[in-house]
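Here is a short report on one protein chain. Look over the sequence and the model before reading on.

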Amino acid sequence: MPRLIAAYPISDEDLAALPVKAIGPAVDYYQKVLRFAVARRVDDAATVERDGVKLGVVADTHHDPGKAGSIAIRVDDLEELHRELVKAGAEPGEFGVDEWDGKAHRTFFVREAENGYCYCFFAPV
């Protein structure tokens, strides 16, 4: 099973409090598709975790998926994670190479439709 190493906001999102339309469907997506476990859940918020990488979601009935941000997640085995996501029903994009901070990274993207978040999974080249 591929390991997640770290998560970084690409936009101005607070990774500890990502707004979502409803907690239940958001948590289901993290569990069933991204294979996170629920670390904490209360009525209108939850924290999910995988390999020490934590993300928080907070219910916001006014959340606009069209304004959702992007999250970069570093992975130790990009190809295996891509296969895992396909099996889980996600539609990951093609592999590419992107540069930031003067370094090249192999990437692929997954968009979560319900809340609009884009996940950029990457590993240094």
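## Terms and model

Helices and strands here are DSSP runs, numbered from the N terminus; a helix has at least four residues and a strand at least two. E91, for example, sits in the loop between helix 2 and strand 7. The model is a predicted one.

## Overall fold

The chain holds two helices and nine strands. From start to end of the sequence, the order is β-β-α-β-β-β-β-α-β-β-β.

How does the radius of gyration compare with that of a compact globule? A compact globule of 125 residues would have a value near 14 Å, and the chain has 14 Å, so the two agree. The C-alpha trace spans about 40 × 30 × 25 Å along its principal axes. Of the contacts with a separation of 6 or more, 57% join residues 24 or more positions apart.

## Surface and charge

Buried residues account for 42% of the 125 residues. The chain exposes about 6,800 Å². Carbon and sulfur atoms supply 48% of that area.

There are 15 positive and 22 negative side chains. The centres of these two sets lie 4 Å apart.

## Helix 1 and its cover

Helix 1 covers residues 23-32. Its buried residues are I23, A26, V27, Y29 and Y30. They take up an arc of only 155° around the axis, so they sit on the same side of helix 1. Which strands help to cover them? The cover includes strand 2 (18-20), strand 3 (37-42), strand 4, strand 5 (53-59), strand 8 and strand 9.

V27 gives a local view of this helix. Its relative accessible area is 1%, so V27 is buried. Not counting residues up to four places away in sequence, V27 touches V38, R41, A46 and V57. One of these partners, R41, is 14 residues from V27 in sequence. The C-alpha atoms of V27 and R41 are 9.2 Å apart.

## Helix 2 and its cover

Helix 2 runs over residues 78-87. Its buried residues are L78, L81, H82, E84 and L85. Viewed down the axis of helix 2, they fall within an arc of 165°, and therefore line one face of the helix.

Their cover includes strand 1 (4-9), strand 4 (45-50), strand 6 (70-75), strand 8 (103-111) and strand 9 (118-124). Strand 4, strand 8 and strand 9 are also among the cover of the buried residues of helix 1.

Just after helix 2, G89 takes a positive phi of about 100°. E91 follows in the loop between helix 2 and strand 7. Is E91 buried or exposed? Its relative accessible area is 73%, over the 50% cut-off, so E91 is exposed. E91 and L15 are 76 residues apart along the chain, and their C-alpha atoms are separated by 22 Å.

## Two strand positions

T47 lies in strand 4. Its relative accessibility is 18%, so T47 counts as buried; the cut-off is under 20%. Leaving aside neighbours within four places in sequence, T47 is in contact with A37, V38, A39, R40, K54, L55 and G56.

A59 belongs to strand 5. At 31% relative accessibility, A59 counts as partly exposed. With neighbours within four places in sequence left aside, A59 contacts V20, I23 and D44. A59 and K21 are 38 residues apart along the chain, yet their C-alpha atoms are separated by 5.6 Å.

## Positive phi away from glycine

D51 is not a glycine, but has a positive phi of about 55°. D51 is placed in the loop between strand 4 and strand 5. Its relative accessibility is 36%, so D51 counts as partly exposed.

D101 likewise is not a glycine and has a positive phi of about 55°. Where does D101 lie? D101 is in the loop between strand 7 (96-100) and strand 8. Its relative accessibility is 73%, so D101 counts as exposed.

How values were computed. Residues are numbered from 1 along each chain as its sequence is written. This is a predicted model: local features need pLDDT of at least 70, side-chain atom pairs count only at pLDDT 80 or more; totals for chains, interfaces and linings use all residues. Side-chain values use heavy atoms; hydrogens and water are left out. The radius of gyration is taken over C-alpha atoms; the globule rule is 2.2 Å times the number of residues to the power 0.38. Buried means under 20% relative accessible area, exposed over 50%, partly exposed in between (1.4 Å probe, protein chains only). Contact means heavy atoms within 4.5 Å. Accessible areas come from the Shrake-Rupley method with a 1.4 Å probe; for residues, only the protein chains shown count as cover. Lys and Arg count as positive and Asp and Glu as negative; His and the chain ends are not counted. The place of a charge is taken as NZ of Lys, CZ of Arg, CG of Asp or CD of Glu. The arc is that of the directions from the helix axis to the C-beta atoms.
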